[in-house]
Amino acid sequence: MISKKIEDAFNDQINAELYSAYIYMAMSAYLESVDLSGMARWMTVQAQEEVDHAKKFADHIVERGGRVRYKAIDCPQEEWKSALDVFKGAYDHERYVTGRINSLMDIAIEEKDYASQVFLHWFIEEQVEEEASADAIVKKLEMIGEGGRGIYMVDKDLGKREAD
Ligand code: FEO
């Protein structure tokens, strides 16, 4: 049985994962508006991954005899200055999520909830990947520079991303 403290914290994380999906969908909409449809696709796939993350937390709560509760999702940012600004935002957001996952691990340790600690390991590894992939795109876009023609190559490349 899951403790009330972990159940509440995991339900908050479901909300944070769905908010992440919402941010990436908003980023996708912005990128479509500036004709970077490959990057927009990358963001759509990213958003789907976030919904999958929320589902993993929900499944864990149910498996442990807890109750899943969905809360209101905040409005995401709507506008960015450039593709670089978008991916910098994505990188910063992933760093924030990493902090949240680490705090959940702290709670699971405090609560002596070993099953949740094992469950959270997947997310700790996933966050390493999430930060690295956003950071790699930021570095590429910085190399190209604002208004560089290479942005269309990056756009084409990112458009090849498939759902996992
Ligand atoms: Fe669910 Fe991008 O971390």
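**View 1. Cys75, a residue of the loop between H2 and H3, is exposed.** Cys75 counts as exposed because its relative accessible area is 68%, where exposed means over 50%, buried under 20% and partly exposed in between, with a 1.4 Å probe and protein chains only. The coordinates belong to a predicted model, in which local features need pLDDT of at least 70 and side-chain atom pairs count only at pLDDT 80 or more, while totals for chains, interfaces and linings use all residues. Residues are numbered from 1 along each chain as its sequence is written, and side-chain values use heavy atoms, with hydrogens and water left out. Cys75 sits in the loop that runs between H2 and H3. Although Cys75 and Ala58 are 17 residues apart along the chain, their C-alpha atoms are separated by 22 Å.

**View 2. The protein chain as a whole is made of five helices, with zero strands.** Read along the sequence, the protein chain gives the pattern α-α-α-α-α, where helices (H or I, at least four residues) and strands (E, at least two) are DSSP runs numbered from the N terminus. The box filled by the C-alpha atoms of the protein chain, taken along the principal axes, is roughly 55 × 25 × 25 Å. The protein chain has 164 residues, and 47% of them count as buried.

**View 3. H1 is followed by a residue with positive phi, Asp35.** Helix H1, which covers residues 4-33, has 30 residues and reaches 44 Å from its first C-alpha to its last, close to the 44 Å expected at 1.5 Å a residue; the expected span is 1.5 Å times one less than the number of residues in the helix. Just after H1, Asp35 takes a positive phi of about 60°, and Asp35 is a residue other than glycine. Asp35 lies in the loop between H1 and H2, and with a relative accessibility of 62% Asp35 counts as exposed.

**View 4. H2 carries the buried residue Phe57.** Phe57 is found in helix H2 and counts as buried because its relative accessibility is 0%. Between Phe57 and Leu31, which are 26 residues apart in sequence, the distance from C-alpha to C-alpha is 29 Å. The 27 residues of H2 should span 39 Å at 1.5 Å a residue, and the end C-alpha atoms of H2 are indeed 39 Å apart, so the two values agree. H2 is followed by Gly65, whose phi is positive, near 80°.

**View 5. The loop between H3 and H4 holds Lys112, and helix H4 covers residues 114-144.** Lys112, a residue other than glycine, has a positive phi near 55°. Its relative accessible area is 58%, so Lys112 is exposed. Helix H4 has 31 residues and reaches 46 Å from its first C-alpha to its last, close to the 45 Å expected at 1.5 Å a residue. The residue that follows H4 is Gly145, with a positive phi near 85°.

**View 6. The largest cavity takes residues of its lining from H2, H3 and H4.** A cavity is a set of points on a 1 Å grid over the protein atoms alone where a 1.4 Å probe fits but cannot get out, and lining residues have an atom within 4 Å of a point. Counted by this rule, there is one cavity of 30 Å³ or more, and the largest cavity has a volume of about 40 Å³; grid points are joined across faces, edges and corners, and a volume is the space filled by probe spheres set on the points. Tyr24, Trp42, Gln46, Ala90, Glu94, Glu130, Ser133 and Ala134 line the largest cavity. Helix H2 (37-63), helix H3 (83-110) and H4 each supply at least two residues of this lining, and H4 gives the most, with three residues.

**View 7. The largest pocket holds about 170 Å³ of space.** Whereas a cavity is closed to the probe, a pocket is an open set with protein on both sides within 12 Å along at least five of seven lines. The lining of the largest pocket consists of Tyr30, Val34, Leu36, Ser82, Ala83, Leu84, Leu141, Gly145, Glu146, Gly147, Gly148 and Ile151. Among them is Gly145, the residue with positive phi that follows H4.
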